[in-house]
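Please look over the model below before reading on. The report that follows takes up its salt bridges, helices, nonpolar core and surface in turn.

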Amino acid sequence: MLPAEQSPQTLSPSLWPAFGLGLAAAVSNGFARFSYALVLPAMRESFGLSYAEAGWLNTANALGYVIGALSGYWLLRWRRPSELFSAGLCMTVATLVFTGFCSSLVGLSVARLLSGIGAAWAFACGGALIAVRYQDFPKRYGIATGVFFSGAGIGISVSGLFVSPVLAVTGPAGWMYAWWVLGLLAALGSLWPLREAWRVHGGGNSASAARLPLSGLKSALLGYFIFAAGYIVYMTFIFALLRNRGLSWQWGTAIWVVLGAGVSLSPFVWRRALKDMPPELVLSASCATTFVGSVLPLLESSLAACIVSAFIFGLGMFIAPSSVAVLLRKSMPTELLAKGMAFFTVVFSVGQAIGPSLAGWVGDRGTLDTALLAGAALLLASTLVPLVGYLLPAGAGRANS
């Protein structure tokens, strides 16, 4: 339910509020999670990290995401989504700055863990705030959800434009400056979403103790879990692969910006699908898109293939959570959406925690290409699971209901 002081007339169907809230995704995902891939080569050289240790630091971030999702699911019994969203965003900014002061693997692990907790709160509750913001404009909900999640693309592109030049000037020993720059960018990027969050208080928590209606969502849940384990492999190691192939930091930055551009454009490319198609099929199609993007640089090592790979991968990556948000919006009442998003985020974060360490272990015993191939195989599986689940008789019945 909307807070008593707000009416549908005060909540414009404009997409600007979704864009403003989406800057939280830029902070929690573009800066706090994915920019790690940009700093990883410098940190590996400075700390002498193996691929497994490098993967562990992203796993630590994903474990924080698990803790954040679990604790968020519990805290939403007493706190409004807007409050948890704001706390998570502020925690994420603080831990980005803190990361630059760490001088050991243990300290870095703690920083990445705390960053994951804050990011999970902001990401899951942000999706619920979008649902409340646009509940009186159902025809705008799909595109608004896509705009929110695609905010991560802004963070990806901006981090590439700032982090790579900093490391080019300072060298590997200047990895800490990269984190401080990211912290400053995150602080600036948090101002608008914090303002938007307090304009919509997230539907209260009067029904938060109720059981989530998860009937019919199991195949989507499993597919989302596998997708999380697969996509994070590409996002963790693709920049390292580009460096291993001898590309300059300028080309690496350009490819990273192209990836972010793909994410930013994705809600408009998928606009009709998010509005009209069954969300389970959109989830499957988005996973298939990321699979194609992830396998391209393994089949063809040219610069053009790497650029196309990044763009295609970006087009699919954040449509997966967008489709899940649309699915939950159709499956449960608004007052349970924050808990529903938190629950799906728990499952997503477990998969995200497994992916980097598993791929790093594979990479240490083979090559970096082998690690990325393992991620691509997971993305292929994530394409098939929700598709098969939808086509089963129970899924067909749900589609026609």
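## Salt bridges

Aspartate 369 counts as partly exposed, at 30% relative accessibility, where buried means under 20% relative accessible area, exposed means over 50%, and partly exposed lies in between (1.4 Å probe, protein chains only). This is a predicted model, in which local features need pLDDT of at least 70 and side-chain atom pairs count only at pLDDT 80 or more, whereas totals for chains, interfaces and linings use all residues. Residues are numbered from 1 along each chain as its sequence is written, and side-chain values use heavy atoms, with hydrogens and water left out. The partner of aspartate 369 is arginine 245, with which it forms a salt bridge whose closest N and O atoms are 3.3 Å apart; the term stands for a side-chain nitrogen of Lys or Arg within 4 Å of a carboxyl oxygen of Asp or Glu. Because arginine 245 lies in the loop between helix 9 and helix 10 (249–269) and aspartate 369 in helix 16 (residues 368–391), the pair ties together parts that are 124 residues apart in sequence. Arginine 245 is also partly exposed, with a relative accessibility of 27%. Helices here are DSSP runs (H or I, at least four residues), numbered from the N terminus.

The structure holds six salt bridges. One of them joins arginine 272 to aspartate 276, with the closest N and O atoms 4.0 Å apart; both residues lie in helix 11 (residues 271–276), four residues apart, or about one turn of the helix. Arginine 272 counts as exposed at 65% relative accessibility. Elsewhere, salt bridges that share partners join Arg133, Arg195, Glu196 and Arg199 into one network. Within this network, the side chains of arginine 199 and glutamate 196 meet at 3.8 Å, N to O. Arginine 199 is partly exposed, at 34% relative accessibility, while glutamate 196 is buried, with a relative accessible area of 3%.

## Two helices

Helix 7 (residues 175–189) has 15 residues, which at 1.5 Å a residue should span 21 Å, and its end C-alpha atoms are 21 Å apart, in agreement; the expected span is 1.5 Å times one less than the number of residues. Its buried residues are Trp175, Met176, Ala178, Trp179, Leu182, Gly183, Leu185, Ala186 and Gly189. Among the elements that cover these residues are helix 1 (16–34), helix 2 (36–47), helix 4 (81–99), helix 5 (105–133), helix 6 (138–170) and helix 8 (191–197), contact being counted when heavy atoms are within 4.5 Å.

Helix 15 (residues 337–365) also agrees with its expected span, since its 29 residues should cover 42 Å and its end C-alpha atoms are 42 Å apart. This helix is mostly covered, with 21 of its 29 residues buried.

## The nonpolar core

The largest nonpolar core has 116 residues, and those with the most contacts inside it are Phe34, Phe85, Tyr231, Met235, Trp256 and Met317. Such a core is a set of buried Ala, Val, Leu, Ile, Met, Phe, Trp, Tyr and Cys residues joined through side-chain atoms within 4.5 Å. Helix 9 (residues 218–244) gives the most to this core, with 16 residues. Leaving out residues up to four places away in sequence, phenylalanine 34 touches Asn29, Ile156, Tyr231, Ile232, Met235, Trp256, Met317 and Phe318.

## Helix 5 and the surface

Two serines of helix 5 can be described in turn. Serine 109 lies in helix 5 and counts as buried at 11% relative accessibility; apart from its neighbours within four places in sequence, it is in contact with Trp56, Leu57 and Ala60. Serine 115 is likewise placed in helix 5 and is buried, at 1% relative accessibility. With sequence neighbours within four places left aside, serine 115 is in contact with Ala32, Asn61, Thr92 and Thr95, and its C-alpha atom is 6.9 Å from that of glycine 64, although the two residues are 51 apart in sequence.

On the surface, Val97, Phe98, Phe101, Val106, Val110 and Leu114 form a nonpolar patch with about 520 Å² of accessible area together. Patches are made of residues with over 30% relative accessible area and no salt bridge, like charges being joined within 9 Å and nonpolar side chains (Val, Leu, Ile, Met, Phe, Trp, Tyr) within 5 Å, and the areas come from the Shrake-Rupley method with a 1.4 Å probe. Helix 4 and helix 5 each supply at least two residues of the patch, and the largest share, three residues, comes from helix 5. Phenylalanine 98, found in helix 4, is partly exposed, with a relative accessible area of 38%.
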